[in-house]
Amino acid sequence: MSNSGSAVCEGSWVTIPAIAAGPITGYQWFKDGGSGLPVSLGVNGQTPALTLSNVQLAQSGSYRLVISSNCGSFTSTAFALTVNPKPTVVLTFPAGSLVIGPGSGVATITLPTPLTGVLFGASGGVLYERIIVIDRVNGYEIRQVDSNANGQFSVTRTGPFRLTVTGANGCQRTVEGMVQTQ
């Protein structure tokens with residue numbers, strides 16, 4: 001194994017690299033000294049690298065590879081995997097707003113009119129980036145991008161928005177919504 005660890009954000013893909021040579025009869029990954037995660041040898045010399053998709057916090061730990069051959073077995077050094085959480089995003093809207101969703105899709109936020117001086121806020125991170133679609137021309141979107149460290153954004157128009165919040169650990173969560181007026 002080429003390095004001793006990695007830190008990633010939840011939901012990422014992780015490949016723990018490993019190279020083995022010789023007459024290998026099998027290999028198996030073990031997490032925290034527990035039961036093995038079976039990995040088959042495969043066809044045409046497939047490498048014993050372990051790939052984990054959509055990693056979750058519970059998958060943080062120490063991974064070891066045991067390679068078996070006719071001459072015995074070899075256990076690798078530990079690979080420490082740290083899975084960091086995405087930030088929890090809390091949005092706040094002015095009094096009189098109606099928020100529906102998001103459920104599994106996009107939240108709809110109905111704001112009182114007029115939009116003059118209306119702010120919405122976000123918390124849960126250290127960096128906030130809002131993208132709003134200003135117009136669509138010939139299949140292209142014209143976007144306005146605003147970013148700051150305080151999570152406060154002025155609402156000047158209706159339409160879709162996307163807000164990406166970056167946590168102190170560098171992990172990001174994106175929420176989407178549609179702003180409309182009453």
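This is a short group-meeting talk about one predicted protein model and a few of its strands, bridges and surface residues.

Hi everyone, and thanks for coming. Please keep in mind that we are looking at a predicted model. I'd like to begin with the cysteines.

How many disulfides does the structure hold? There is 1. As a quick reminder, a disulfide is a covalent bond between the sulfur atoms of two cysteines. Here the partners are C9 and C171, and their sulfur atoms sit 2.2 Å apart. The pair links distant parts of the chain, 162 residues apart. C9 belongs to strand β1, residues 5-9, whereas C171 is in the loop between β16 (159-166) and β17 (172-181). If you look along the S-S bond of C9 and C171, the torsion is about -100°, so this disulfide is left-handed.

Now, are these two cysteines buried or exposed? C171 is buried, with a relative accessible area of 0%. C9 has 22% relative accessibility and counts as partly exposed. To place that number, the buried class means under 20%, so C9 at 22% falls in the partly exposed class. While we are on cysteines, have a look at C71 too: at 78% relative accessibility, C71 counts as exposed.

Let's move from β1 to one of its neighbours, strand β8, which covers residues 79-84. In a regular strand the side chains alternate between the two faces of the sheet. You can follow that pattern along β8. F79, L81 and V83 point to one face and are buried. A80, T82 and N84 point to the other face and are not buried.

Which strands pair with β8? One of them is β1, which runs parallel to β8 and is joined to it by 5 bridges. Another is β6, residues 61-69, which pairs with β8 in the antiparallel sense over 3 bridges. L81 is a handy residue to click on here. S6 stands opposite L81, and G61 also stands opposite L81.

Next, an open sheet. It is formed by 6 strands, in the order β10-β11-β17-β16-β13-β14, and the pairing is mixed. The edge strands are β10 (98-100) and β14 (140-148), each of which pairs on one side only. From one strand to the next, the twist averages 25°. At the β10 edge, 3 bridges join β10 to β11, residues 107-111, and these two strands run antiparallel. If you want a spot to zoom in on, L98 stands opposite T110 in β11.

Now let's go to the β14 edge and talk about charges. Side chains of opposite charge can pair when their charged atoms come close. The count for this model comes to 4 salt bridges. One of them is between the side chains of R130 and D146, at 2.8 Å from N to O. R130 lies in strand β13 and D146 in strand β14, so the pair ties together parts that are 16 residues apart in sequence. R130 is buried, with a relative accessible area of 6%, while D146 is partly exposed at 23%.

What links R136, E141 and R143? They are linked in a network of salt bridges. The side chains of R136 and E141 meet at 3.0 Å, N to O. E141 also meets R143, at 2.9 Å, N to O. As for accessibility, R136 counts as exposed at 52%. E141 is partly exposed, with a relative accessible area of 34%, and R143 counts as partly exposed at 44%.

My last stop is a nonpolar patch on the surface. Which residues form it? They are I134, V137 and I142, and together they have about 210 Å² of accessible area. V137 lies in strand β13, residues 127-137. At 36% relative accessibility, V137 counts as partly exposed.

So, to recap for your notes: C9 and C171 form the disulfide, β8 has alternating side chains, and R136, E141 and R143 make up a salt-bridge network. Thanks for listening, and please ask me anything!

Notes: Residues numbered from 1 in each chain as written. Predicted model: local features only at pLDDT ≥ 70, side-chain atom pairs only at ≥ 80, totals over all residues. Heavy atoms only, no water. Patch = residues over 30% accessible without salt bridge, like charges linked within 9 Å, V, L, I, M, F, W, Y side chains within 5 Å. Areas by Shrake-Rupley, 256 points an atom, 1.4 Å probe, with all protein chains shown as cover. Helix = DSSP H or I, 4+ residues; strand = E, 2+ residues; numbered from the N terminus. Buried < 20%, exposed > 50% of the residue type's maximum accessible area, 1.4 Å probe, protein only. Disulfide = S-S within 2.5 Å. Pairing = 2+ DSSP bridges. Axes fitted to C-alpha atoms, helices over the stretch in contact; angles between N-to-C directions.
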